[in-house]
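Subject: Structure handover

Hi,

Here is the structure I promised to pass on. Please open it alongside this message; my notes follow below.

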Amino acid sequence: MSDSPARLSVFKTYKLYVGGKFPRSESGRVYEVTDSKGKWLANAPLSSRKDARDAVVAARKAFGGWSGATAYNRGQILYRVAEMLEGRKDQFVREVAEAEGLSKSKAAAVVDAAIDRWVWYAGWTDKIGQVVGGANPVAGPFFNLSTPEPTGVVTVLAPQESSFLGLVSVIAPVIATGNTVVVVASEKAPLPALSLGEVLATSDLPGGVVNVLSGRTAEIAAPLAAHQDVNAIDLTGADADLARELEIAAADNLKRVVRAKAVDFTADPGTERLTAFLETKTVWHPTGSLGASGSAY
C-alpha cells in the first residue's frame with residue numbers, strides 16, 4: 001500500500017474583535033508575529049485609525065445596556081468567561097508559552113492565574129458599590145447618599161510583556177464596573193488577546209462591551225486618546241514617551257487617565273483598578289416636613 005500524502009496544516013486566521021464580530025482590518029494590512037526566538041507564529045491584523053473609530057462606536061453603543069445591567073448579572077457573565085477559558089486552557093497555554101517564551105508548566109500557571117482573575121472580579125461586581133459608596137453624615141435634615149457609576153468608554157493599552165495575565169488584569173475590572181472597553185493588544189504578542197475575543201463571543205458578553213485591536217500601539221492609541229467619545233484611557237502598555245503624548249491628547253476633553261507604571265500582575269490586584277474608572281454620584285434627599293423631592297449632584 002502506498003504512503004498517503006502528508007496532510008497540510010490548517011493555520012489559524014486571527015481577526016479583530018469589534019462589536020461582537022470578527023472583522024479583518026479595514027486596511028487589509030497584517031504583520032508578522034513571532035515567538036521569543038524569532039520563529040513565525042501567525043499574521044495578525046494591523047489595525048487602522050478607522051478600525052479604532054469603529055471600535056469606539058461599538059463600545060458606545062453597548063454602554064447603555066451593559067452599564068444598566070445588574071451587578072449580579074455582570075458577575076455571572078464574567079464568571080462565564082472563566083468557565084469558557086477553562087475549557088480552552090490547552091490552546092491558551094500554547095499561545096502564552098510561545099508569546100512569552102515560557103515553559104509549558106509556567107505558561108499553564110499563567111493561564112490558571114488569568115482564569116482565577118476573572119473569577120476574582122466576577123465576585124466584586126455586586127460588592128464594590130458598598131465599598132466605595134454609602135450614606136454620608138451631613139448637618140441638616142437630609143439623607144446624603146453616594147453611589148458609584150461607570151465612567152463610560154475606556155481605552156486600555158494592554159501590557160506589552162504580560163500578554164495574557166496582564167491583559168485580563170486590565171480588562172476585567174473595567175467591564176466589571178459597567179464600563180465598555182477598546183483594548184489595544186500587546187504589539188509583539190497579540191495572539192492571546194485575539195483568541196480571548198473568541199472566548200468573549202461565546203460567553204454571554206454582549207457584543208461591543210469588549211473590543212480588541214491589534215497592530216502598532218502608537219498608531220492605534222493616538223486617535224483613541226484624542227477621540228471625543230472616549231471617556232478614559234489606561235496607559236499601562238505605553239512607554240514613557242508615548243504615554244506623555246497620549247496624556248496631552250487626552251487632555252483635550254479631560255479624560256480620566258491611568259498613568260503607565262510597572263505592575264506586578266501576579267500580586268493581589270486589590271480594588272485599585274475597579275475604582276479607577278468609577279464616578280461618584282451624590283444624592284441629597286430631604287427628610288421630615290421639607291418635602292419628598294430630592295436632588296442629585
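Start with the open sheet: five strands, in the order S7-S6-S5-S8-S9, with parallel pairing. Its edges are strand S7 (210-213) and strand S9 (256-258), and each of these pairs on one side only. On average, neighbouring strands in this sheet are turned by 15° against each other, ignoring direction. Bear in mind throughout that this is a predicted model.

Look next at one strand pair. Strand S5 (residues 153-157) and strand S6 (residues 180-184) run parallel and are joined by five bridges. One pairing to find on screen: valine 154 has valine 181 in S6 as its bridge partner. Helix H1 (residues 49-68) packs on the sheet and touches S5, S6 and S7. The direction of H1 makes about 155° with that of S6.

Helix H8 (residues 217-226) has several buried residues: Thr217, Ile220, Ala221, Pro223, Leu224 and Ala225. What covers them? The cover of the buried H8 residues includes H1, S5, S6 and S7. Strand S8 (232-234) and helix H9 (240-250) also belong to that cover.

S8 holds a residue worth a look, aspartate 234. Is aspartate 234 buried or exposed? Its relative accessibility is 0%, so aspartate 234 counts as buried; the cut-off for buried is under 20%. Not counting residues up to four places away in sequence, aspartate 234 touches Thr155, Val156 and Leu157. Its other contacts on that count are Val170, Val258, Arg273 and Phe277.

Now the nonpolar cores. In soluble globular proteins, nonpolar side chains tend to be buried together. Here the largest nonpolar core has 63 residues. Those with the most contacts inside this core are Leu85, Trp118, Phe164, Ile171, Ile175, Leu196 and Val210. Take leucine 196: leaving aside neighbours within four places in sequence, it is in contact with Leu85, Phe92, Trp118, Phe164, Leu167 and Ile171. A second core, separate from that one, has 25 residues, among them Ala52, Val153, Leu235 and Ala238.

Then the empty spaces. How many cavities of 30 Å³ or more does the structure hold? There is one. The largest cavity has a volume of about 40 Å³. Its lining consists of Val33, Thr34, Leu41, Glu95, Ala99, Lys188, Ala189, Leu191 and Pro192. S1, helix H3 (89-100) and helix H7 (191-201) each supply at least two residues of that lining.

The largest pocket has a volume of about 420 Å³. It is lined by 21 residues, and Lys12, Tyr14, Leu41, Ala42 and Asn43 lie nearest its centre. Strand S2 (40-45) and H3 are the elements that give two or more residues to the pocket lining. S2 provides the largest share, six residues. Leu41 appears in both places: it lines the largest cavity and lies among the residues nearest the centre of the largest pocket.

Last, proline 23. You will find it in the segment before strand S1 (30-34). Proline 23 counts as partly exposed because its relative accessibility is 30%, and that class lies between the cut-offs of 20% and 50%. Leaving aside neighbours within four places in sequence, proline 23 is in contact with Lys15, Leu16 and Val18. Proline 45 is 22 residues away along the chain, and the C-alpha atoms of the two prolines are separated by 9.3 Å.

Best wishes

Conventions
Residues numbered from 1 in each chain as written. Predicted model: local features only at pLDDT ≥ 70, side-chain atom pairs only at ≥ 80, totals over all residues. Heavy atoms only, no water. Pairing = 2+ DSSP bridges. Helix = DSSP H or I, 4+ residues; strand = E, 2+ residues; numbered from the N terminus. Axes fitted to C-alpha atoms, helices over the stretch in contact; angles between N-to-C directions. Contact = heavy atoms within 4.5 Å. Buried < 20%, exposed > 50% of the residue type's maximum accessible area, 1.4 Å probe, protein only. Core = buried A, V, L, I, M, F, W, Y, C linked by side-chain atoms within 4.5 Å. 1 Å grid on protein atoms, 1.4 Å probe; cavity = no way out; pocket = protein on both sides within 12 Å on 5 of 7 lines; lining within 4 Å. Points joined across faces, edges and corners; volume = space filled by probe spheres on them.
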